[in-house]
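Thanks for coming. I have one structure to go through today, so please look at it first.

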Amino acid sequence: MTVDIVSRFTAHGGQQLVAKHRSRSTGTEMTFAVYLPPAATEGPCPVLWYLSGLTCTHANVMEKGEYRKAAAQAGLIVVCPDTSPRGEDVADDEAYDLGQGAGFYVDATEAPWVPHFKMKTYIEKELPEVVASAFPVDLTRQGIFGHSMGGHGALTIALRNPARFASVSAFSPIVAPSQVPWGQKAFPAYIGSNTALWRQHDAVALIEDGARVGDILVDQGDADNFLAEQLKPDLLAKACADAGIDLTLRMQPGYDHSYYFISTFMPDHIAWHAARLKR
């Protein structure tokens, strides 16, 4: 596996890198950000995967998320992948919520998306192998979190792989994409009309069908303009209550869907993961 370093900056005693590699899953070049805390010079560190939302690349959270100070103090490596494959030969759509920048962390089975849109395989299998080949990560201690579409990805990936991820959290996640317009547009486009398959990529449905994690942290702004139509955290609260999953759902007064919101509560999420990854 060849990983090329695109850029490198010192931050809080550690290193903020941007890297790229040729992906066998997507058939494209993929770019990701990785923060190495000072502790990474001494040996392998726990790794925290951050999945971004619609329209984002690796750069949004890297530049606006303000995670480095907390990650340096906690000794966590933070990896921030892109949200989809990209390139001139990669299928796209004029809308912001389908195509490049909107991979929804699924493996497409439908045309024209199937050749490249393999984000489930990329995040769950390939990227951990790539990162482990180049950086001092301890893959026995992994956590995952994300925002909006990335919150959906983090929750569903953790629920499908509970033995792998010791911690999971989300900012304003799409908790039930099968029941909201974003998912009802993306799922048939990417994976077809069989709604039974949709349930494998829907956190509420996965919990209803028996998937379990120990606990979940969710922060949600009550001034988020997507709250009522697209996010519906009450559905996650009910599913977790029925399943006996310990959900900490914090409704944050006055906060919207932006990185002003995410950066405000980022230290809390880093601390949440650090406590569980160091057990």
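I will take the pocket, then the cysteines, then two helices.

This is a predicted model, in which local features need pLDDT of at least 70 and side-chain atom pairs count only at pLDDT 80 or more, while totals for chains, interfaces and linings use all residues. Residues are numbered from 1 along each chain as its sequence is written, and side-chain values use heavy atoms, with hydrogens and water left out.

The largest pocket first. A pocket here is an open set of points on a 1 Å grid over the protein atoms alone, where a 1.4 Å probe fits, with protein on both sides within 12 Å along at least five of seven lines; lining residues have an atom within 4 Å of a point. The largest pocket holds about 290 Å³ of space, the volume being the space filled by probe spheres set on the points. It is lined by 17 residues, and C56, H147, H257, S258 and Y259 are the closest to its centre. Helix α10 (259-277) and helix α1 (58-64) each supply at least two lining residues, and α10 gives the most, with three. Helices are DSSP runs of H or I, at least four residues, and strands are runs of E, at least two, numbered from the N terminus.

Now the cysteines. How many disulfides does a search of the whole structure find? Zero, where a disulfide is a pair of cysteine sulfur atoms within 2.5 Å. For C45, the closest cysteine sulfur is in C80, 15 Å away and therefore too far for a bond. C56 is in no disulfide either, with the sulfur of C80 the nearest at 11 Å. Both are buried (under 20% relative accessible area; exposed is over 50%): C45 has 4% relative accessibility and C56 has 7%.

Next, helix α9, residues 233-243. Its buried residues are P233, L236, A239 and C240. They lie on the same side of α9 because they cover an arc of only 120° around the axis, taken from the directions from the helix axis to the C-beta atoms. D234, K238, A241 and D242 are exposed on the other side. The buried residues pack against α4, α7, β8, α8 and β9, contact meaning heavy atoms within 4.5 Å. After α9 comes G244, with a positive phi near 75°.

Last, helix α5, residues 181-191. W182, G183, A186, F187, A189, Y190 and I191 are its buried residues. Their cover includes α4, α6 and α8. Just after α5, G192 has a positive phi of about 90°.

Key
Buried < 20%, exposed > 50% of the residue type's maximum accessible area, 1.4 Å probe, protein only.
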